[in-house]
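Colleague: Got a minute to walk me through this one? I'd like to go through a few spots together.

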Amino acid sequence: MRDGVHYAPLIPSPSPSRPPAPVNNLSPSSNQNMLLSVFLALFLPCVGMSAVFLVYICLLWYAAENNQTEISPPVKQPTEKGLSPSELDKLPKITGKELVMGTECAVCLDEIEIEQPARLVPGCNHGFHLQCADTWLSKHSVCPVCRGKLDSQFFIASNENPC
């Protein structure tokens, strides 16, 4: 005591009649409940996301299996049969000056000169160099410009009316 001031001790001494108070007011069973709640709050979303991921993987696998059975190998297009040499001879031959639809050969993209022999495709009247037309028509039975089919009616009609 100094100058009449009395100082109280900063740390109270424990009284022997009363036990010390716990730091937190929770019992051990409530600590376990809180720990279980935190664990479940973290664990359940992870389990849910894993289940969603597994369902997604299963659906992808199922879709891939079904698509494999539906896809068939590509079918080769039937080869287009061209005209025979006897059928080519039946097509009209003209010169370049007689062409009506234009003087450019659609097969070689060159101009057909006035005196050059040319082949006229019946029906559409497109003209080509004789050699270009014969090469094309020996492999294909359509006009190189308009893809008009050369049907057998022309060849039957030309047999009936020989020139």
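**A walk through the model**

Modeller: Sure. Val107 has a relative accessible area of 34%, so it counts as partly exposed. Bear in mind that this is a predicted model.

Colleague: Which residue lies 29 residues from Val107 in sequence and 7.5 Å away in space, C-alpha to C-alpha?

Modeller: Val107 sits in the loop between strand 1 (93-95) and strand 2. Leaving out residues up to four places away in sequence, Val107 touches Phe128, Cys132, Trp136 and Pro144. The one 29 residues apart in sequence and 7.5 Å apart in space is Trp136.

Colleague: Why do the buried residues of helix 3 line one face?

Modeller: Helix 3 covers residues 130-139, and Cys132, Ala133 and Leu137 are buried there. Looking down the axis of helix 3, those buried residues line one face because they fall within an arc of 115°.

Colleague: Which exposed residues are on the face of helix 3 turned away from its buried side?

Modeller: The cover over the buried residues of helix 3 includes helix 2 (85-90), strand 2 (117-120) and strand 3 (127-129). The face turned away from that buried side carries the exposed residues Gln131 and Lys139.

Colleague: And His126, is it buried or exposed?

Modeller: His126 lies in the loop between strand 2 and strand 3. Not counting residues up to four places away in sequence, its contacts include Met101, Arg119 and Cys143. Buried means under 20% relative accessible area. His126 has 15% relative accessibility, so it counts as buried.

Terms used. Residues are numbered from 1 along each chain as its sequence is written. This is a predicted model: local features need pLDDT of at least 70, side-chain atom pairs count only at pLDDT 80 or more; totals for chains, interfaces and linings use all residues. Side-chain values use heavy atoms; hydrogens and water are left out. Buried means under 20% relative accessible area, exposed over 50%, partly exposed in between (1.4 Å probe, protein chains only). Helices (H or I, at least four residues) and strands (E, at least two) are DSSP runs, numbered from the N terminus. The arc is that of the directions from the helix axis to the C-beta atoms. Contact means heavy atoms within 4.5 Å.
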